[in-house]
Amino acid sequence: MSATFDKKIHETVSNAPLQTAIYTFTGRLMEKRRKAVGDDSHFPEYQDLRDQASAVKKHTIENLDHYLEEFERNVNAHGGKVVYCKDGNEVADFVLGLAKEKQARLIVKSKSMTSEEIDFNERLGHHGLESVETDLGEYILQLAHERPYHIVAPALHLTRYDVAKIFTDNLGVENEVVIEKQAGIARVVLREKFLAADIGVSGANFLIADSGAIVLVENEGNARLSTSAPRIHIAVAGIEKLIPRAQDLATFLKLLGRSATGQPLTVYTSFLSGPRRGDEIDGPDEFYVVLLDNGRTKLLADREKRESLHCIRCGACLNICPVYRKIGGHSFPWVYSGPIGAIITPQFMGPMHEPALPFASSLCGACAEVCPVKIDIPKILLALRADVKKTEAREGQGKLERLAYRAWAWVMRHPKIYEMAGMAAASMAPEAKNGYIRTVPPFMNIGPVHAWLSQRDLPGPARRSFRQMWRARSKPS
Ligand code: SF4
């Protein structure tokens with residue numbers, strides 16, 4: 001485990017108010033989801049919809065080349081343009097080039113994890129182009145120079161007192177702790193930005209191949225304003241966001257809102273295809289869809305783990321995960337946190353970016369149970385653990401651990417030696433007389449053994465082993 005991962009986990013678990021905030025918020029979202037899709041929810045088609053969604057995603061990902069071409073054809077037919085980008089540099093180059101050509105200075109942006117992934121705002125900021133987040137949570141985080149804590153609720157870790165301080169420090173307003181009034185402060189600032197912006201940037205929840213449209217779901221209306229008020233709209237989306245047909249949305253929209261926030265539908269669902277037509281009042285003059293790879297095609301080539309690309313970013317797996325609920329969003333080493341972060345971070349960034357990440361799971365399977373597209377997250381975690389171990393072996397790391405497991409396997413194959421080893425362990429652990437081992441001889445108190453015993457007691461060996469008891473029972477009386 002890297003020192004940073006370790007440090008952030010310790011900081012989070014020892015911060016009692018933060019622990020309460022994480023537990024309360026995720027608990028609330030879980031309860032809302034349960035009411036929306038549980039047995040008492042009057043939503044009997046839920047499991048069938050999950051099967052359908054999983055099948056549609058599988059089919060799309062396996063035929064992505066076909067659907068990408070179809071999508072591009074249809075975007076062009078509506079007067080828009082598709083731009084393929086390999087990584088964040090190429091996205092920044094495209095946006096900067098367009099901004100220069102159109103003499104644009106200000107961007108308003110709606111919430112998008114894809115843009116977080118490529119540090120969109122920071123990249124453009126370095127070149128003097130201002131990009132302002134317009135989702136309230138994201139706007140607060142931008143002022144605080146923090147990344148999202150949760151896929152759906154980016155600022156869940158901040159209290160209203162934290163927000164009051166952030167607003168006072170950055171906007172020069174008086175300390176305001178009433179949430180509605182804080183929203184009012186942000187609204188005043190952001191309204192001016194919407195009116196002055198030259199470019200609106202959004203992500204996309206879905207890209208529809210047969211109609212060349214992007215679909216955005218949101219609750220605040222800021223995405224709708226960001227994409228319709230400025231004269232240019234750029235949607236930045238991962239290539240995996242494609243679905244084949246508009247009618248498939250009936251399945252996904254029913255699942256997404258319910259799984260994320262327990263809503264049957266989010267407040268706003270926007271279908272955007274091409275720039276404003278001649279007779280339309282609202283909408284941009286130019287419409288671009290940036291399709292981002294950033295490691296996705298590498299993941300696509302991996303048949304065992306490619307279902308990670310089925311994710312619709314609902315956040316349900318974060319809310320139910322006992323590890324996320326303990327260590328929070330900022331302990332994770334990249335923008336994606338929770339179970340979905342634990343499976344896609346190593347695949348995007350490489351298994352050794354944070355080798356401990358796939359192991360930071362109890363493998364309880366709760367994430368797979370709530371996932372609306374049925375991604376088998378525990379299975380992928382196990383495959384990633386194997387990747388880490390293979391990489392370590394290739395790099396000559398973990399020799400001691402491999403040696404220990406080899407020795408253990410050898411002992412397990414030799415029953416007499418196993419029994420003698422058990423007796424030796426019992427005699428070397430005098431503390432175990434009280435039932436638990438709290439100390440071990442100094443030569444053993446190293447590495448993982450020390451880490452384990454510094455936090456927990458180890459149940460000691462039984463006074464009489466199973467074999468001894470079995471032999472005693474089997475003796476003829
Ligand atoms: S992995 Fe599944 S549950 Fe987790 S965010 Fe993605 S779609 Fe939602």
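Patches here are built from residues with over 30% relative accessible area and no salt bridge, joining like charges within 9 Å and nonpolar side chains (Val, Leu, Ile, Met, Phe, Trp, Tyr) within 5 Å. Accessible areas come from the Shrake-Rupley method with a 1.4 Å probe, and for residues only the protein chains shown count as cover.

A quick word on the model. It is predicted, so local features need pLDDT of at least 70 and side-chain atom pairs count only at pLDDT 80 or more, while totals for chains, interfaces and linings use all residues. Residues are numbered from 1 along each chain as its sequence is written, and side-chain values use heavy atoms, with hydrogens and water left out.

**The nonpolar patch**

Y405, W408, M412 and Y418 make a nonpolar surface patch of about 490 Å². Helix α19 (residues 399-412) gives the most to this patch, with 3 residues; helices (H or I, at least four residues) and strands (E, at least two) are DSSP runs numbered from the N terminus. One of the patch residues, Y405, is found in helix α19. Y405 counts as exposed because its relative accessible area is 52%, given that exposed means over 50%, buried under 20%, and partly exposed in between (1.4 Å probe, protein chains only).

**Salt bridges**

Take a salt bridge to be a side-chain nitrogen of Lys or Arg within 4 Å of a carboxyl oxygen of Asp or Glu, and the count comes to 21. Here are three of them.

| Pair | Closest N to O |
|---|---|
| E11 and K7 | 3.2 Å |
| D51 and K374 | 2.6 Å |
| R296 and E240 | 2.6 Å |

E11 and K7 both sit in helix α1 (residues 3-13), 4 residues apart, or about one turn of the helix. E11 is partly exposed at 43% relative accessibility, and K7 is exposed at 53%.

The D51 and K374 side chains also meet in a salt bridge. D51 is in helix α3 (residues 46-62) and K374 is in the loop between α17 (366-370) and α18, so this pair ties together parts that are 323 residues apart in sequence. Both ends are partly exposed: D51 has 37% relative accessibility and K374 has 34%.

Then there's R296, which forms a salt bridge with E240. R296 belongs to helix α13 (residues 296-300) and E240 to the loop between β7 (232-238) and β8 (242-243), so the pair ties together parts that are 56 residues apart in sequence. R296 is buried, with a relative accessible area of 1%, and E240 is buried too, at 2%. These two are also part of a network of salt bridges that links E117, E240, R296 and R313.

**Cysteines**

With a disulfide taken as a pair of cysteine sulfur atoms within 2.5 Å, the structure holds 0 disulfides. C364 is in no disulfide, and the nearest cysteine sulfur, that of C367, is 6.1 Å away. C364 is partly exposed at 48% relative accessibility, while C314 is buried at 7%.

**Cavities**

A cavity is a set of points, on a 1 Å grid over the protein atoms alone, where a 1.4 Å probe fits but cannot get out; lining residues have an atom within 4 Å of a point. There are 4 cavities of 30 Å³ or more. The largest cavity holds about 130 Å³ of space, its volume being the space filled by probe spheres set on the points, with grid points joined across faces, edges and corners. Its lining has 16 residues, of which C321, P339, S361, S362 and L381 lie nearest the centre. The elements giving two or more residues to that lining are α16 (338-349) and α18 (377-394), and α16 gives the most, with 3 residues.

Note on methods. On a 1 Å grid over the protein atoms alone, a cavity is a set of points where a 1.4 Å probe fits but cannot get out, and a pocket is an open set with protein on both sides within 12 Å along at least five of seven lines; lining residues have an atom within 4 Å of a point.
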